[in-house]
2 protein chains.
Amino acid sequence: MISAMILDGTYAEGDQLPSVRVFASEHGANPLTVAKAYQSLQDKGYVAVKRGIGMFVASGAVEQLRIDERAQFLTQSWPRIREHIARLGIEPAELLDPIDA
Amino acid sequence: MISAMILDGTYAEGDQLPSVRVFASEHGANPLTVAKAYQSLQDKGYVAVKRGIGMFVASGAVEQLRIDERAQFLTQSWPRIREHIARLGIEPAELLDPIDA
DNA sequence: ATCACTGTCATAGGGGCATAATACACATTG
DNA sequence: CAATGTGTATTATGCCCCTATGACAGTGAT
């Protein structure tokens, strides 16, 4: 969810992310869970921490995040989704407009 | 996985499914786990049990399964996948050929 | 210095799911 | 009848993730 927000520009490069407690409170989650998510993003270099201050979106994070998630999606997720679509006999035309629901 | 096998024709309508123990052994799973999966398919009417004999693919199961999973996919899965694709800036053309990996 | 804020760590508890090991009732076969 | 194979039920265990609660060190404002 946080990755999506960075990609969408909700949190731009250089912006400070909400504190783990604030973000947890806003989304009904546990601060520790948010902290783990932040830690994961930090490990991948998408955000950086200023000790005692907060987490900030790293410069170049959007582009790198898009590159990484594209590769992840195209190699991991999409092949299985494609198989599933084929198995159900769904035509590409049905996927273009959200009104098929 | 079992649903996919029924849709693919691995197990045709009227066919007997492998016993929970055999299927579990072949796939490195626990018989109870397979039994739960069979139970789920039974609840939805895709398979029927002959007491003391085994589980059999119900007549009309393929068509019903395709209808149900289509609805499930188009209303639940696809909208989120579509959002994800848009967020990553992936063009539909990149999704047609599996050689983008 | 004091306070409020930050990320981080430690401990404990709970829910979901798969596993593990039996046991039971039913059906077919020899 | 006895043996084998079927789905099903029971109980217990382990694993993983999230929650819950408290504490700590670093930073900035008052």
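How many residues lie between strand 1 and strand 2 of chain B in their hairpin? In this predicted model, there are 3 residues between the two strands. G52(B) sits in the turn and has a positive phi of about 80 degrees. The two strands pair in the antiparallel sense, over 4 bridges. Strand 1 of chain B covers residues 47-50. Within this pairing, V47(B) stands opposite V57(B) of strand 2.

Strand 2 of chain B also takes part in the surface near DNA strand D. That surface draws on both protein chains. Chain A contributes at least two residues from helix 3 (31-43). In chain B, helix 2 (20-27), helix 3 (31-43) and strand 2 (54-57) each supply at least two. Helix 3 of chain B gives the most, with 4 residues. In total, 22 residues surround DNA strand D. The closest are T33(A), R51(A), G52(A), Q42(B) and I53(B). By class, the surface has 10 nonpolar, 9 polar and 3 charged residues.

The protein meets both the backbone and the bases of DNA strand D. Of the strand's atoms within 4 Å of the protein, 66% belong to sugar or phosphate, and the rest belong to bases. On the phosphate side, a polar backbone atom of N30(A) is 3.1 Å from a phosphate oxygen. Two contacts reach bases. A polar backbone atom of G52(A) is 3.0 Å from a base nitrogen of DNA strand D. A polar side-chain atom of R21(B) lies 3.1 Å from a base oxygen of this strand.

DNA strand C is surrounded by 21 residues. S19(A), I53(A), N30(B), T33(B) and R51(B) are the closest. Sugar and phosphate make up 72% of the atoms of DNA strand C that come within 4 Å of the protein. Here, helix 2 (20-27), helix 3 and strand 2 (54-57) of chain A each supply at least two residues of the nearby surface, as does helix 3 of chain B. The largest share, 3 residues, comes from helix 3 of chain A. The surface near DNA strand C has 9 nonpolar, 9 polar and 3 charged residues.

Polar contacts to DNA strand C involve both chains. From chain A, a polar backbone atom of V20(A) is 2.9 Å from a phosphate oxygen. In the side chain of R21(A), an N or O atom is 3.0 Å from a base oxygen. From chain B, a polar backbone atom of N30(B) is 2.9 Å from a phosphate oxygen of DNA strand C.

How are the two protein chains related to each other? A rotation of 180 degrees, with 0.0 Å of shift along its axis, superposes chain B on chain A. The RMSD is 0.0 Å. The two copies are thus related as by a two-fold rotation axis. In chain B, the residue that comes closest to this axis is I81(B), with its C-alpha at 4.6 Å.

The contact between the chains takes 24 residues from chain A and 24 residues from chain B. Of the interface residues of chain B, 100% are also interface residues in chain A, so the copies meet through the same surface. Together the chains bury about 2400 Å² between them. Carbon and sulfur atoms account for 62% of that area. R70(B), R87(B) and L88(B) supply 26% of the area that chain B buries against chain A. No other three residues supply more.

Terms used
Residues numbered from 1 in each chain as written. Chains lettered and ligands numbered in written order. Predicted model: local features only at pLDDT ≥ 70, side-chain atom pairs only at ≥ 80, totals over all residues. Heavy atoms only, no water. Near = heavy atom within 4 Å. Polar contact = N/O pair within 3.5 Å; in protein donor to acceptor, adjacent residues only side chain to side chain. Nonpolar A, V, L, I, M, F, W, Y, C, P; charged D, E, K, R; others polar. Pairing = 2+ DSSP bridges. Least-squares fit on C-alpha atoms with pLDDT ≥ 70 in both. Contact = heavy atoms within 4.5 Å. Buried area = accessible area lost by both parts, 1.4 Å probe.
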